[in-house]
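Here is a short note for a colleague who is meeting this structure now. Please read it with the model open.

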Amino acid sequence: MQSDLFAPALPEGMAYKPDFLSLDEEQNLGARIAALSLKPFEFQGFVGRRRTHSFGLHYAFDGSGLRAADPFPDWLIPVRDHAADLAGLPSEALVHALLIEYALGAGIGWHRDRPVFSDVIGISLCAPAPLRFRRKVGAKWERITVTAEPRSAYVLRGPAREEWEHSIPPVDSLRHSITFRSLKGEKP
Ligand SMILES: O=C(O)CCC(=O)C(=O)O
């Protein structure tokens with residue numbers, strides 16, 4: 001958590017953990033992600049520049065929503081366990097993993113995660129990226145930017161998850177991320 005005097009402000013409900021992964025874990029996971037059959041992200045006919053692969057569940061943005069995906073591979077289980085521990089959840093509550101490759105120029109637009117999901121735990125690899133947050137206060141946007149450093153992890157729940165939107169502008173260096181999600185309405 002960023003709790004010291006010099007730590008940047010976080011939206012309420014966000015926790016940030018630097019050095020969540022070791023250098024070895026980062027390298028091994030990066031190689032695993034690069035070896036996956038990543039597919040360009042599709043949103044209602046629009047094809048984004050980032051490429052993704054889901055495990056556990058897949059969320060399709062063509063109106064069909066959630067469906068089963070490949071089960072979690074063995075190499076992802078220890079990371080899921082560690083992420084669950086960070087979020088104070090049982091491992092099996094993290095039923096969805098989305099692995100993303102942001103090649104040069106790829107980003108992610110303003111959004112909140114789909115309402116079917118509950119907590120979000122994001123792990124960053126390779127390069128730092130500004131994780132931007134905004135929420136409407138009256139006629140104005142309140143904004144916070146948190147640098148997601150390589151090997152760090154963040155947890156989004158509560159207002160950070162439900163009120164604030166987040167985005168990442170086009171990256172200038174390859175970045176990977178792994179986001180785990182639990183489902184709303186599931187009692188872990
Ligand atoms: O890459 C990240 O850390 C953010 C991913 C994200 O916002 C999403 O998958 O909805």
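The points below go from the sheet to the helices, the core, the ligand and two backbone angles.

1. Status. This is a predicted model. Please keep that in mind at every point that follows.

2. The sheet. Start with the 7 strands that form an open sheet. Their order is 1-11-8-13-6-3-2, and the pairing is antiparallel. Strand 1 (14-17) and strand 2 (39-43) are the edge strands, and each pairs on one side only. From one strand to the next, the twist averages 30°.

3. One pair in detail. Strand 6 and strand 13 are joined over 7 bridges, in the antiparallel sense. Look at I100 here: its bridge partner in strand 13 is S177.

4. The helices. Helix 2 (residues 77-87) packs on the sheet. It touches strand 1, strand 6, strand 8, strand 11 and strand 13. Its direction makes about 120° with that of strand 8. Helix 1 (residues 23-34) lies across strand 6, strand 8 and strand 13. Helix 1 runs at about 105° to strand 8.

5. The core. In soluble globular proteins, nonpolar side chains tend to be buried together. Here the largest nonpolar core has 40 residues. A83, A97, I121, I123 and Y154 have the most contacts inside it. What is I121 in contact with, leaving aside its neighbours within four places in sequence? The list is A83, L86, A87, A153, V155, T179 and F180.

6. The ligand. Which strands each supply at least two residues of the shell around the ligand? They are strand 6 (96-102), strand 8 (117-125), strand 12 (165-168) and strand 13 (175-183). The residues that surround the ligand include L98, I100, H166, I168, S177 and T179. D113 is also in this group. By class, the shell has 5 nonpolar, 5 polar and 1 charged residues. Two names return from earlier points: I100 and S177 are bridge partners, and T179 is in contact with I121.

7. Two backbone angles to check. Most residues other than glycine have a negative phi. C126 has a positive value, near 80°. C126 is in the loop between strand 8 and strand 9 (129-137). R151 also has a positive phi, near 75°. The loop that holds R151 is between strand 10 (140-148) and strand 11 (153-156).

8. Burial at those two sites. Are C126 and R151 buried or partly exposed? C126 is buried, because 20 other C-beta atoms lie within 10 Å. R151 has 19 within 10 Å, so R151 counts as partly exposed. The cut-off for buried is 20 or more.

Notes:
Residues numbered from 1 in each chain as written. Predicted model: local features only at pLDDT ≥ 70, side-chain atom pairs only at ≥ 80, totals over all residues. Near = placed C-beta within 6 Å. Helix = DSSP H or I, 4+ residues; strand = E, 2+ residues; numbered from the N terminus. Nonpolar A, V, L, I, M, F, W, Y, C, P; charged D, E, K, R; others polar. Core = buried A, V, L, I, M, F, W, Y, C linked by C-beta atoms within 7 Å. Buried ≥ 20, exposed ≤ 12 C-beta atoms within 10 Å, placed from the backbone. Contact = placed C-beta atoms within 7 Å. Pairing = 2+ DSSP bridges. Axes fitted to C-alpha atoms, helices over the stretch in contact; angles between N-to-C directions.
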